[in-house]
Amino acid sequence: MSDQLRPRASLRTAVVWDVLKDALDRRAEATGRAALDVLDTGGGTGNFAVPVARLGHRVTVVDPSPNALFGLERRAAEAGVADQVHGVQGDVLGLFDVVERGGYDAVLCHGVLEYVEDPAEGIRNAVDALRPSGALSLLAAGLGGAVLARALAGHFTEARQALTDPAGRWGEGDPVPRRFTAEQLTGLVTTAGVEVGAVHGVRVFADLVPGVLVDTEPGALEALLKLEAAAAELPAFHSVATQLHVLGKKQG
Ligand SMILES: C[S@@+](CC[C@H](N)C(=O)[O-])C[C@H]1O[C@@H](n2cnc3c(N)ncnc32)[C@H](O)[C@@H]1O
């Protein structure tokens, strides 16, 4: 089902999708090729890979989970893009065991860096998979958003723990192994040879407002989407976003 048919899901993807689509359009124009080669590392069941394929691009998804790859295959078939989406079992830390180095116009690394043992190596590999001037789209969990969410839920000790923990975790029960500040993410990509084009805060408000308000108040979802879009680019809101998106261009 597309995000248009699941309006609440658009809160998770809207800002990133708009930035990504624009970057792919620009890359297509710059290369003179309408169909780009796109790699989605940790692409899961294709939240982004399938819509990217629907734009006409060829997408390779590398993911360690056979279940996710099965879901991806089914979803791509349902969307009519099965022949443009290629799922491969693999790990971003062993990326070149399964895909070509320097073979892609754009690489997505969305919601993956939190889970890999060595984020610097993960990003290095994602960048090494790019052709010169290729686009990197990095999305990862933000530290400040987790601190704010724990505090607003009344879990003040956990909020402080996340704030002081080097990995940004709020405790033993935290399902996310690692969170990042915008500075950490831009530092990682810059070190890997990427020029940062834009940083966006994702889900600045969406996870903090009661779901019932968004679902029942007429026009609330649309208004919230517009608010998220307006706040996303402002650095002041990066430090409280649930996720951070970094768009960059490989140098050289
Ligand atoms: C939170 S999901 C994100 C899925 C998708 N990128 C999205 O944005 O909807 C994280 C995905 O990363 C995959 N993953 C976990 N560790 C990974 C690794 N070391 N290398 C590549 N993918 C990994 C998981 O199997 C899962 O599909």
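This briefing describes the sheet of the structure and the packing of its helices. The model is predicted. It contains an open sheet of 7 strands with mixed pairing, and helix 1 and helix 9 cross at roughly 40°.

**Sheet layout**
- The strand order in the sheet is 3-2-1-4-5-7-6.
- Strand 3 and strand 6 (194–202) stand at the edges; each has a single partner strand, so one side of each is left without a neighbour in the sheet.
- On average, neighbouring strands of this sheet are turned by 15° against each other, direction ignored.

**Strands 1, 2 and 3**
- Strand 1 (residues 37–41) and strand 2 run parallel and are joined by 5 bridges; V38 has V59 in strand 2 as its bridge partner.
- Strand 2 (residues 58–63) and strand 3 (residues 85–89) also run parallel, joined by 5 bridges, and T60 stands opposite H86 in strand 3.
- Between strand 2 and strand 3 the chain passes through helix 3 (residues 66–78), forming a right-handed β-α-β crossover.
- Helix 3 packs on the sheet, where it touches strand 2 and strand 3, and its direction makes about 170° with that of strand 3.

**Helix 1 and helix 9**
- The axes of helix 1 (residues 10–31) and helix 9 (residues 220–232) come within 10 Å.
- At a crossing angle of roughly 40°, the two helices are therefore oblique to each other, and their crossing is right-handed.
- Helix 1 contributes S10, L11, A14 and V15 to the contact, while helix 9 contributes L221, L224, L225, E228, A229 and A232.
- By class, this contact has 8 nonpolar, 1 polar and 1 charged residues.

How values were computed. Residues are numbered from 1 along each chain as its sequence is written. This is a predicted model: local features need pLDDT of at least 70, side-chain atom pairs count only at pLDDT 80 or more; totals for chains, interfaces and linings use all residues. Side-chain values use heavy atoms; hydrogens and water are left out. Axes are lines fitted to C-alpha atoms, for helices over the stretch in contact, and angles run from 0 to 180 degrees between N-to-C directions. Helices (H or I, at least four residues) and strands (E, at least two) are DSSP runs, numbered from the N terminus. Angles under 35 degrees count as roughly parallel, over 145 as roughly antiparallel, 65 to 115 as roughly perpendicular and the rest as oblique. A crossing is left-handed if the near helix is turned anticlockwise from the far one by less than a right angle, and right-handed if clockwise. Contact means heavy atoms within 4.5 Å. Ala, Val, Leu, Ile, Met, Phe, Trp, Tyr, Cys and Pro count as nonpolar, Asp, Glu, Lys and Arg as charged, and the others, Gly among them, as polar. Two strands pair if DSSP finds at least two bridges between them. A crossover is right-handed if, with the strands pointing away from the viewer, the path from the first strand over the helix to the second runs clockwise.
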